[in-house]
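Student: Please take a close look at one part of this structure with me, and then show me what surrounds it. I'd like every cut-off along the way.

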Amino acid sequence: MLSICFANNDDPKLHIVYLGSLPETTNSYSPTSHHLNTLQQVLDGSNPTKSLVHSYKISFNGFAAMLTNEQAAKLAEMEGVLVRKWNGSAVRELRRWALRGLPIKAAKRQQNIESNLIVGVIDTGIWPESESFSDEGITVPVPKKWKGTCAGGKNFTCNKKLIGARFYVDDSARDSQGHGSHTASIAAGNNVDNVGFYGIAQGTARGAVPSARIAAYKVCGAGCDDHSILAAFYDAIADGVDIISISIGHGFPMKLENDSVAIGSFHAMAKGVLVVTGAGNSGPKPGTVSNLAPWMLSVAANTIDRQIIDKVILGDRKVLTGSSINPFKSNGTKIPIALSNGDSNKCPKEDFIKCWCLDENLVKEKIVLCDIYPNPYNIKDGLDGVIIKEDGTLPTPRIPFLPLLILSQKDYEFVKSYINSTKGPRAEILKSEIVRDNNAPKVAAFSSRGPDPLIPEILKPDVSAPGVDILAAYSPISSPTVGVPDESDNRSVDYSILSGTSMACPHVSGIATYVKSFHPDWSPAAIKSAILTSAKPMVRSSVHDVGEYAYGSGQANPIQAINPGLVYDINKGDYVQMLCNLRYDNGKIKLITGEMNPCKGAGDISLQATSLALNLTFSFASTRVAADIPSCRRVRLCLPAVADSCPAPDLQPSRPCSLHALVPPTSLY
């Protein structure tokens, strides 16, 4: 989790100031002058240029400034001005493309058009020297529509693949964490043969659209602040990107008017740019989904049929299978297992069984058992291995910095029984291996679930995509073990394996770009609709699954998405009307859209509000009704055909047996 810290309450803090939409005619209007003049009125003679952080003057009208609470309050009293203090957000976390129907050679492609498309990646930056961002094989010049720049900092070079870079934190767009390089290469990385992670998952790495261009926007360093995110949206839209991929969120549901990703994506949508983001890693509890705005595409994470497992061999030759991305080879020697991790003098029992505290005298050069996944900082040097109990609440799978695996509760208890019944218990943790997972795809336990806590009538997440054990480009200066200081782990890798909806997001960003290569004139809503309505149905495969609230419309299906037959298209005005009908007041809607008084004359009848929300739901519609009050909900769906011939879809209601649902007609012709 990346976060941002603020100074004392009396110090100036970052505020975003909205001034409504830009004038239709800007010949005699200077946004920067307007912003400075507005600031001057509350700064008591101070130079406003020292307070102004950024002017937003293309995608929307407003500015970011460092203001005290008193100055912000004075600005908020002005007519037509809305002020918001912003907090921080968090970064979320080869076989997969063949599984998704995009094999390297067999997939139908429009390469000339694909090479004219630009994916903007808002993340932790990018490692420009990675082979995934080489322009080898790209002979077509940079698209003429590109208005951006390569401003990546010192010793940072772009090419015909990585055509642009900007940074809003640190002193370079260079990726020091690996997350941004990973997501960018999943979406649009070039073909790279024979890569893997210490021999694990060896194969060809590539993005969904290897001919497309990449523009990187670094907004995350020690944290991801909202000002940087909005500035990156502003630049990406002005630069001319076609799709924005942003694997960033707050980690919990956030009101749309407070969410920088929701606001930035609204302005992107208004300019014809689809925004794809992750649904969050806070599952499996229901109602944890984040990135909730209906105008962006939120992606859940599912498994693929290539599973990474690990094994431990006990001293009695019993073999137990668990999960881990363990790159450490065993030399065939069985290591002693610690009989205890601590004692009452140095470590209380409730701490040492969870590996929060370890007695070095008892655990040195031994394998320890931990009831929960330990904080890497609490694992002392000198351990030879760790065995962890799976309790259903573990975070996304991680790469360990010493031999480690996770066992089911049953197998973990078996190991404890073996220790208690054996003199001198020993074990050997093997290097991870690849097996086929016949139960895939299934939604990962960590993937956040719906329903949407803000607008339950809108299905979130929208769709699911591969997000477990994904191999992709990485930063060689970042530790492959997330959470461990780089100085404590001197390994350097060019490709690594990560899990999270952060990895699922760029899969769908790439698919959206692939769809756009066949339909360059389609709106963001049309592309989103095509992906959702063509998704492959999934089944409930575990106790954590809550049906569509886990995987949305299903697993994204790129080949079918280019010819969905029908699409549901909507525009900026429809979204604004939806907010009005859902009783968002003008002030909140202005924070989101920049529109002044958008709800003038809008109805606020409950049925109308529900109906319009349902009209904006693509392949699924849901609504709430009181159990003891007779009620009626009417949904009218307009379905524009996008193909001369396509199968007639059946309209079948999914409902509890106590409800009556009528769908006239039951088929479309």
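Tutor: Let's start with a term: a polar contact is a pair of N or O atoms within 3.5 Å; within protein, one must be able to donate a hydrogen and the other to accept it, and residues adjacent in sequence count only if both atoms are side-chain atoms. This is a predicted model, where local features need pLDDT of at least 70 and side-chain atom pairs pLDDT 80 or more, while totals for chains, interfaces and linings use all residues. Residues are numbered from 1 along each chain, and side-chain values use heavy atoms, without hydrogens or water.

The side chains of D123 and H179 make such a polar contact, at 2.7 Å. Both residues carry the UniProt annotation "active site", from an unreviewed entry, and so does S502; such annotations may be inferred rather than shown by experiment, with positions given in the numbering used here and feature names shortened. The three span 380 residues in sequence, yet no two of their C-alpha atoms are more than 9.9 Å apart, so they gather at one spot.

Where do D123 and H179 sit? D123 lies in strand 6 and H179 in helix 6 (DSSP runs numbered from the N terminus: helices are H or I, at least four residues; strands are E, at least two). D123 counts as buried because its relative accessibility is 1%, and H179, at 4%, is buried too (buried is under 20% relative accessible area, exposed over 50%, partly exposed in between, with a 1.4 Å probe and protein chains only). Setting aside neighbours within four places in sequence, D123 is in contact with H179, G180, T183, Y217, K218, V219, C220, S247 and I248 (contact means heavy atoms within 4.5 Å).

Strand 6 belongs to an open sheet of seven strands, paired in parallel in the order 7-10-6-12-14-15-24 (pairing needs at least two DSSP bridges). Its edges are strand 7 (162-167) and strand 24 (463-466), each of which pairs on one side only. From one strand to the next, the twist averages 25 degrees (axes are lines fitted to C-alpha atoms, for helices over the stretch in contact; angles between N-to-C directions run from 0 to 180 degrees). Helix 6 (residues 179-188), home of H179, packs on this sheet, where it touches strand 6 (118-123) and strand 10 (213-218). The direction of helix 6 makes about 160 degrees with that of strand 6.

Two pairings are easy to follow on screen. At one edge, strand 7 and strand 10 are joined in the parallel sense over five bridges, with A165 standing opposite A216 in strand 10. Although strand 7 is an edge strand, five of its six residues are buried. Further along the sheet, strand 14 (residues 274-278) pairs in parallel with strand 15 (residues 297-302) over three bridges, and T277 stands opposite S298 in strand 15.

Now for the nonpolar packing. The largest nonpolar core has 66 residues, and L297, V463, I497, V508 and I531 have the most contacts inside it (a core is a set of buried Ala, Val, Leu, Ile, Met, Phe, Trp, Tyr and Cys residues joined through side-chain atoms within 4.5 Å). Helix 12 (residues 501-518) gives this core its largest share, nine residues. Apart from it lies another core, of 42 residues, among them I163, Y217, Y575 and I592. Y217 is also one of the residues in contact with D123.

Take I497 as a way into the larger set of contacts: beyond four places in sequence, the residues it touches include H182, F197, I200, I308 and L471. I200 is placed in strand 9 (residues 200-205) and is buried, with a relative accessible area of 3%. Among the residues touched by I200 are N326, P327, K431 and I434. I200 and E433 are 233 residues apart along the chain, but 6.8 Å separates their C-alpha atoms.

For contrast, visit a loop. T422 is placed between helix 11 (409-421) and strand 22 (426-429), and it is partly exposed, with a relative accessible area of 27%. A polar atom of the T422 side chain lies 2.7 Å from the backbone oxygen of Y418. Across 106 residues of sequence, T422 and D316 are 9.2 Å apart, C-alpha to C-alpha.
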